[in-house]
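Please look over the sequence and the fold before reading on. The report below starts with a detail of the backbone and then moves on to sheets, helices and internal spaces.

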Amino acid sequence: MPIISLGESIPPDTAHAVSVSLPTWQSNVGYEEGEEWVLSRMVTGYPRFFIHKSIDAFARDFAAAYGQPGQRAMLFATAGAARRCLEFMRQRVSQQVCSQIYVINLILDTSKDPSPLLKQLAPTISGIIFPQDSFPVAKQYWQHTGDGISSRRAEFSHELFKHGQFIAVTEQQPHRSLPEKPIRGPKRYLRADSTSTASASGPNSAGSEIKGLSSSENPEEARESFHFLEERFGRNLDLTQVSRAKSAIRRRIAGSLAGDADMNDETKTHSEANSRGMESLDETDVLLYPSGMNAIFNAHRALLAALGSYKSINFGFPYVDTLKILEKFGPGCVLYGNASSDELDDLERLLKDGQRFLALFCEFPGNPLLTCPDLKRIRKLADEFNFAVVIDETIGTFANVNVLQYADVVVSSLTKIFSGDSNVMGGCTVLNPEGKYYRLLKQVLEEQIYENTYWTEDILFMERNSRDFSNRVKRINANAEAICEILRANSLVKDIYYPKYNPSKPNYEACRLPDGGYGGLLSIVFTHPEHAQVFYNNLETAKGPSLGSNFTLCSPYVLLAHYQELQWAAQFGVDANLVRALAAAETISVA
């Protein structure tokens with residue numbers, strides 16, 4: 001792939017790309033410093049860190065319609081997510097600001113006899129309105145939880161919003177007062193009879209109906225709306241395939257389909273090939289989410305609801321938002337950042353002294369040092385002292401490793417290698433049907449926690465992208481090993497972090513599948529820091545955040561993930577000048 005200009009999407013010219021080009025070391029620093037020469041060039045970014053322009057455009061119109069001057073909006077797929085954001089903000093802003101924060105829910109206006117297509121989609125949007133100065137707090141919730149809407153959902157719903165297909169409902173909440181005239185903005189958003197209010201009804205109605213949007217009685221607007229729906233779904237995306245697509249994704253994750261499989265392939269039975277090694281596992285034990293972090297966030301929510309309010313354990317150097325979830329959404333956590341045997345010894349002492357924990361969260365392998373925790377010992381401690389084990393297998397991938405045998409819950413970011421095309425977000429949880437908390441967790445998820453927020457279009461793209469997942473992983477494994485061999489022979493390279501060469505390799509081997517490899521991710525540390533910058537600046541690859549693509553993708557990961565805490569990261573052996581690379585799925589030459 002040719003060098004991509006600063007701020008352009010990765011892949012180029014991709015409207016819903018999940019990465020952005022930061023082609024020089026200094027551009028990464030400039031991004032973290034908020035420098036205009038970088039930010040002004042960015043057409044997109046990683047979706048939980050950068051609010052996509054389609055989402056931002058909708059949020060601006062939403063705030064103009066339902067807010068006051070100086071207020072902003074943040075958009076979610078459900079009223080529940082908006083309420084969680086509201087509660088998060090209340091705990092972190094002043095009482096005066098609390099009175100200026102409120103939730104508006106948009107539900108489909110069925111009185112206009114929408115098309116059967118629109119009724120089938122039944123889109124909803126919930127927005128939280130807040131003062132501009134509180135945006136950093138709202139952004140924390142957006143980033144940590146992954147609860148925010150996807151760019152495809154935003155594009156679709158924004159068009160409906162413009163054409164008056166929604167009814168707006170306000171929730172009656174303490175600590176806030178709605179403005180007397182909540183509808184503002186362009187005249188096209190105002191309805192002639194909008195001065196009246198009525199009782200709201202429907203599943204998302206938690207208050208009263210307020211001023212709606214334009215009714216699209218203009219024939220030209222109605223034609224535009226219909227044309228939009230037909231273009232978006234009638235010809236390009238077949239909604240009748242959504243159920244099959246979702247099932248195919250879940251079956252691939254559960255391991256009940258061998259090799260590459262089309263979503264219409266129903267010839268293989270559950271028992272033919274289950275890479276998880278559990279005959280009792282099926283697709284109903286797999287839950288899909290709009291992002292990997294959202295899967296982790298909801299796994300934590302489910303555990304708190306099922307097992308009680310106890311601290312968790314973050315074992316191994318943490319992905320930034322996993323740690324933030326455990327710290328900010330519950331009673332806190334204990335961090336063991338090295339994933340070492342000594343730390344397990346210390347944990348065992350705490351447990352024997354009577355300290356109780358909710359769950360241990362870990363990655364397998366970890367990011368960015370690719371360290372693999374001792375899952376056998378962790379499972380033994382969990383069984384003895386009654387805590388759950390949650391394993392993030394995003395980097396190892398379930399095509400290479402089987403960690404479910406040691407976990408109560410496995411989580412994964414489907415955005416990464418499972419998708420490969422770097423143009424759609426997704427995540428999942430897998431419940432261990434043989435785990436001691438299985439029935440309780442499944443009940444809590446089904447009855448209290450799980451919301452179907454994975455947008456239809458995103459599901460269809462994810463299914464298409466993942467059809468050749470298993471074959472791609474094999475090529476990625478081979479390419480990563482070849483790259484490692486070259487770099488290990490270079491005298492300028494101080495360390496290569498890769499599961500095959502790490503001291504924790506025995507822990508990886510305990511979980512590696514018979515035909516599994518060591519993954520596509522590797523990290524490089526040079527003998528001299530300046531060499532890292534020269535190396536990065538001269539790489540002729542795509543360079544930006546994320547780690548899931550069918551092409552080589554590099555980043556100075558520690559700078560991007562931990563720029564404000566480099567000294568803290570260093571105490572766990574994480575070098576500020578580390579370069580992280582994902583090998584390509586394409587066949588490469590190493591001559």
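Asp-13 sits in the loop between strands E1 and E2. In this predicted model, the phi angle of Asp-13 is near 55 degrees, a positive value in a residue that is not glycine. The loop between strand E1 (9–10) and strand E2 (19–20) also holds Pro-11. A cis peptide bond links Ile-10 to Pro-11, with omega at about 0 degrees. Another cis peptide bond links Phe-364 to Pro-365, and there omega is about -10 degrees. Pro-365 belongs to the loop between E12 and helix H14 (375–385). As background, most residues other than glycine have a negative phi, and most peptide bonds are trans.

**Confidence**

The mean pLDDT of the chain is 87, and 83% of the residues reach 70 or more. Over residues 267–273 the pLDDT falls below 50; this stretch makes 14 contacts in the model beyond near neighbours in sequence. Residues 587–591 also have a pLDDT below 50, with six contacts beyond near neighbours in sequence. Where pLDDT is low, the predicted coordinates should not be read in detail.

**The seven-stranded sheet**

Seven strands form an open sheet in the order E9-E15-E14-E13-E12-E10-E11, and the pairing is mixed. Which strands form the edges? They are strand E9 (286–289) and strand E11 (333–336), each of which pairs on one side only. On average, and with direction ignored, neighbouring strands of this sheet are turned by 20 degrees against each other.

Inside this order, strand E13 (residues 388–392) and strand E14 (residues 409–413) run parallel and are paired over three bridges. Ile-391 has Val-410 of E14 opposite. In general, the strands of a sheet pair through backbone hydrogen bonds, either parallel or antiparallel.

Helices lie across parts of this sheet. Helix H12 (residues 320–328) crosses strand E10 (312–315), E11 and strand E12 (359–363), and its direction is at about 165 degrees to E10. Helix H15 (residues 438–449) lies across E9, E14 and strand E15 (427–431), at about 140 degrees to E15.

**The five-stranded sheet**

There is also an open sheet of five strands, with the order E16-E17-E20-E19-E18 and mixed pairing. Its edge strands are strand E16 (493–497) and strand E18 (542–543), each pairing on one side only. E18 pairs with strand E19 (residues 553–555) in the parallel sense, over two bridges. Here Lys-543 has Cys-554 in E19 as its bridge partner. Helix H17 (residues 469–488) packs on the sheet and touches E16 and strand E17 (521–526); the directions of H17 and E17 make about 10 degrees.

**Pocket and cavities**

The largest pocket has a volume of about 900 Å³. Its lining consists of 46 residues, and those nearest the centre are Arg-48, Phe-49, Tyr-319, Val-320 and Asp-321. Helix H1 (25–33), helix H7 (135–145), helix H11 (292–307), H12, E14 and helix H20 (557–562) each give at least two residues to this lining. Which element gives the most to the lining of the largest pocket? H7 does, with six residues.

The whole structure contains six cavities of 30 Å³ or more. The largest cavity encloses about 280 Å³ of space. It is lined by 24 residues, and Pro-47, Ile-149, Ser-150, Ser-151 and Met-425 are the closest to its centre.

The second largest cavity holds about 130 Å³ of space. Of the 21 residues that line it, Ala-77, Asp-147, Pro-290, Asn-294 and Thr-453 lie nearest the centre. Helix H4 (79–90) and H11 are the elements that give two or more residues to the lining of the second largest cavity. H11 also supplies at least two residues of the lining of the largest pocket.

The table lists the linings by residue class.

| Space | Nonpolar | Polar | Charged |
|---|---|---|---|
| Largest pocket | 22 residues | 13 residues | eleven residues |
| Largest cavity | eleven residues | ten residues | three residues |
| Second largest cavity | nine residues | seven residues | five residues |

Some elements named earlier return here. H12, which lies across E10, E11 and E12, is among the elements that supply at least two residues of the lining of the largest pocket. E14, which pairs with E13 in the parallel sense, is also one of these elements.

Definitions and conventions. Residues numbered from 1 in each chain as written. Predicted model: local features only at pLDDT ≥ 70, side-chain atom pairs only at ≥ 80, totals over all residues. Heavy atoms only, no water. Pairing = 2+ DSSP bridges. Helix = DSSP H or I, 4+ residues; strand = E, 2+ residues; numbered from the N terminus. Axes fitted to C-alpha atoms, helices over the stretch in contact; angles between N-to-C directions. Contact = heavy atoms within 4.5 Å. pLDDT = per-residue confidence, 0-100. 1 Å grid on protein atoms, 1.4 Å probe; cavity = no way out; pocket = protein on both sides within 12 Å on 5 of 7 lines; lining within 4 Å. Points joined across faces, edges and corners; volume = space filled by probe spheres on them. Nonpolar A, V, L, I, M, F, W, Y, C, P; charged D, E, K, R; others polar.
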